[in-house]
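Hi there,

Here is the structure I promised to pass on to you. Have a look at it first, and then read my notes underneath.

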Amino acid sequence: MFKRSSGVLAHVTSLPSPHGVGTMGKTARDFVDFLAAAHQTYWQVLPLGHTGFGDSPYQCFSAAAGNPYLIDMDLLVEDGLLTADEVRQGDFNASADAADFEQLADTRWPLFRKAYSRVTPEMREKIAAFTEKNSEWLPDYALFMALKEEKYHHMPVYMWPDKDVRDRKPAALEKVTEELRDEVDFRIFLQYIFFKQWTALREYANEKGIQIIGDIPIYVSADSSDVWTHPKLFKLKPDRSPKLVAGVPPDYYSATGQLWGNPVYNWTAHKAENYAWWIWRMKSNMALFDVVRLDHFRGFAAYWEVGADEETAINGKWRKGPGMELFNAIEKALGPVPLIAEDLGVQTDEVKKLLEESGFPGMRVLIFGFTPDYDNEHLPHNYKPNSIVYTSTHDSQTVCEQIMDICSESEKQFAYRYLRTSHAEAMGWSAIKCVWASSANIAMTTLQDLLSLGADSRMNTPATIGGKNWRWRVRAEALNPTVSSMLGEITKTYMRG
């Protein structure tokens with residue numbers, strides 16, 4: 001399904017913007033132009049969902065809703081919903097290098113509400129059609145957010161004081177829906193704007209020959225409209241708080257494992273419904289992206305289940321996942337879906353078997369290969385054609401940080417020899433050439449490695465919350481014709497574009 005090609009991983013929030021965070025406006029189109037000039041095929045983004053505490057795109061209030069912070073303010077001006085002066089007055093002294101989500105929370109919402117107050121009758125008709133088209137999830141999500149943020153003061157769903165609302169009693173839902181009607185409609189308006197802007201951006205990218213790779217987190221947040229509306233599909237306590245949560249045992253990233261806190265699925269219940277929720281989820285994502293990456297693929301073969309009261313992920317158990325039964329159900333309903341499997345970490349025979357049966361390309365990461373071990377599967381000479389390979393990832397160190405700050409001296413010298421360079425400032429480019437030259441069908445680099453950046457540009461450190469996570473942004477001047485030309489020459493040399 002995948003031809004020899006290449007691309008760049010950069011989340012939308014990391015793009016330049018005059019308004020404090022990367023958005024779906026002009027600078028996103030400028031980035032598409034940059035990729036097209038560099039003869040790339042793919043732009044990979046992180047999940048686009050409505051983020052909650054910690055601002056992680058892997059912990060969202062909905063499996064379908066978009067993040068309002070990605071809405072471009074200048075496009076709202078073009079739509080006549082805001083004035084340029086109002087946008088300027090609502091801006092803050094944003095750093096060009098990092099997103100300040102706390103400031104965004106203070107400044108964006110007043111502008112969003114002002115824009116909502118100016119919705120025209122014609123736009124209301126379009127919003128009504130959008131709502132009908134997305135009736136499977138949108139009204140429930142909008143009510144969930146109105147309840148959570150306006151009525152229950154940001155409390156998680158399992159702490160809501162009104163049990164009838166928490167348990168979705170019809171009379172109680174009807175009452176609060178009417179009580180919060182304007183707030184619900186406001187949330188629907190934001191989703192209408194989000195999807196309008198994203199659809200236009202994706203169409204622009206496709207016209208330029210750029211396909212977008214999206215990302216599906218395997219789990220949803222415990223505090224989400226998905227758990228509220230589909231409690232039987234998750235392992236929950238009677239109050240709808242998680243009974244058992246997801247994570248991974250001790251690994252490369254953490255000696256105590258990673259305790260994610262997401263409720264694990266009740267796969268028996270999913271099977272009884274012929275995996276309808278997952279089919280809906282996949283269909284929703286394929287309406288957004290050209291290709292979808294499945295995060296934590298090994299969890300579909302076997303997943304790590306931990307008691308919700310545990311403080312670390314050490315005391316967990318492996319449980320059997322749905323395996324090919326799920327993917328067969330998806331293909332039966334939707335036809336062949338272009339999927340990528342994030343199969344990093346310790347791979348058991350059952351995970352390898354599932355990957356082989358699915359036919360999905362698996363992932364390899366160059367920086368995990370800097371050990372003088374011929375059989376290391378992350379070294380390019382061992383890559384299989386049916387793979388998507390990266391210089392580094394959003395969860396890892398950059399190439400420069402890995403070699404200069406993390407590798408032992410022997411590993412560092414091996415990396416120099418393998419990449420055929422001895423200059424630290426050229427490490428990113430040396431890594432790109434090495435991966436681009438491999439036999440893997442798809443070769444990817446992060447934007448940080450493309451610019452040979454170090455530790456200060458790391459996107460996320462797994463098993464940590466807050467700090468600098470998810471905040472990194474690129475400066476506009478870095479995305480220049482010289483860089484695109486260099487990447488384009490490498491891409492043509494190794495016949496990927």
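In helix α6 of this predicted model, the buried residues are L138, Y141, A142, L143, F144, M145, A146, L147, K148 and E149. That makes α6 a mostly covered helix, with 10 of its 14 residues buried. What does the covering? Among the elements packed over the buried residues of α6 are α5, α7 (163–166), α8 (170–179), α9 and α10 (225–229).

The helix α6 itself runs over residues 138–151 and reaches 19 Å from its first C-alpha to its last, close to the 20 Å expected at 1.5 Å a residue. Just after α6, look for H153, which takes a positive phi of about 50°.

Next, try the second largest pocket, which has a volume of about 690 Å³. Its lining is made up of 37 residues, and A64, W137, F195, S284 and L288 lie nearest its centre. Two or more lining residues come from each of α5 (121–133), α9 (181–207), β3 (211–216) and α12 (276–286). By type, the lining has 21 nonpolar, nine polar and seven charged residues.

Finally, find T398, in the loop between β11 (387–390) and α15 (399–406). Is T398 buried or exposed? T398 counts as buried because its relative accessible area is 3%, and buried means under 20%. The T398 side chain reaches the backbone nitrogen of E401 at 3.1 Å. Beyond its neighbours within four places in sequence, T398 is in contact with I367, S392, Q448, D449, L453, G454 and S457.

Enjoy exploring!

Best wishes

Methods:
Residues numbered from 1 in each chain as written. Predicted model: local features only at pLDDT ≥ 70, side-chain atom pairs only at ≥ 80, totals over all residues. Heavy atoms only, no water. 1 Å grid on protein atoms, 1.4 Å probe; cavity = no way out; pocket = protein on both sides within 12 Å on 5 of 7 lines; lining within 4 Å. Points joined across faces, edges and corners; volume = space filled by probe spheres on them. Helix = DSSP H or I, 4+ residues; strand = E, 2+ residues; numbered from the N terminus. Nonpolar A, V, L, I, M, F, W, Y, C, P; charged D, E, K, R; others polar. Buried < 20%, exposed > 50% of the residue type's maximum accessible area, 1.4 Å probe, protein only. Polar contact = N/O pair within 3.5 Å; in protein donor to acceptor, adjacent residues only side chain to side chain. Contact = heavy atoms within 4.5 Å. Expected span 1.5 Å × (residues − 1).
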